[in-house]
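Trainee: Could we go through this structure together before I get back to the bench?

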Amino acid sequence: MIESMVNRSVIESSVIERSMIGSIENDRQENCWEFNGCGREPGGENVLRHGLCPVSVQGETDGIHHGKNGGRCCWVLRQTLYKGHMSCLCLHKEQECRECAFYNFIGEREELLILA
């Protein structure tokens, strides 16, 4: 069901990225919830208060930019699945993903597959 909602190019990019990085599990990098400390990942300290972040459980994007689920491509999910309305504790309501410290952190270290 979720896959049908996600832009096909996102899924195709995920498949390409997975083939490029080899063993995903061995190459894991810091995810957005770890970088920002929001506590909205499964088992996180703020799940009851703020809800589970959909990025942290989005399996279709697992491995993009070496992240777990959508943890290193959260801006893609916010734009495609949630049309910019996904609740992100790290952004003010008027902020765009490209203004996010984590987005810029990834962009400084890797070529972004999809830009915000």
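Mentor: We can talk through the nonpolar core, a buried arginine and two loop residues, keeping in mind that this is a predicted model.

Trainee: OK, which residues of the largest nonpolar core touch the most other members?

Mentor: That core has 18 residues, and the ones touching the most other members are Cys32, Val55, Cys74, Trp75, Phe102 and Ile106. The elements that contribute two or more residues to this core are α3 (32–36), α5 (74–80) and α6 (101–109). As background, nonpolar side chains in soluble globular proteins tend to be buried together.

Trainee: And what is isoleucine 106 in contact with, leaving aside its neighbours within four places in sequence?

Mentor: With those neighbours set aside, isoleucine 106 is in contact with His65, Arg72, Trp75 and Leu112.

Trainee: Let's stay with His65 then; where is it, and is it buried or exposed?

Mentor: Histidine 65 sits in the loop between α4 and α5, and it counts as buried because its relative accessibility is 2%, where the cut-off is under 20%. Its phi is positive, at about 55°, although histidine 65 is not a glycine, whereas most residues other than glycine have a negative phi.

Trainee: What about the phi of asparagine 69?

Mentor: Asparagine 69 also has a positive phi, near 50°, and this residue lies in the loop between α4 and α5. Asparagine 69 is buried, with a relative accessible area of 14%.

Trainee: Switching topic, what is the nearest side chain of opposite charge to arginine 40?

Mentor: That is glutamate 41, 8.2 Å away, and arginine 40 is buried yet has no salt bridge. Arginine 40 lies in the loop between α3 and α4 (47–50), and a polar atom of its side chain is 2.8 Å from the backbone oxygen of glycine 51.

How values were computed: Residues numbered from 1 in each chain as written. Predicted model: local features only at pLDDT ≥ 70, side-chain atom pairs only at ≥ 80, totals over all residues. Heavy atoms only, no water. Core = buried A, V, L, I, M, F, W, Y, C linked by side-chain atoms within 4.5 Å. Buried < 20%, exposed > 50% of the residue type's maximum accessible area, 1.4 Å probe, protein only. Helix = DSSP H or I, 4+ residues; strand = E, 2+ residues; numbered from the N terminus. Contact = heavy atoms within 4.5 Å. Lys, Arg positive; Asp, Glu negative; His and termini not counted. Salt bridge = Lys/Arg side-chain N within 4 Å of Asp/Glu carboxyl O. Polar contact = N/O pair within 3.5 Å; in protein donor to acceptor, adjacent residues only side chain to side chain.
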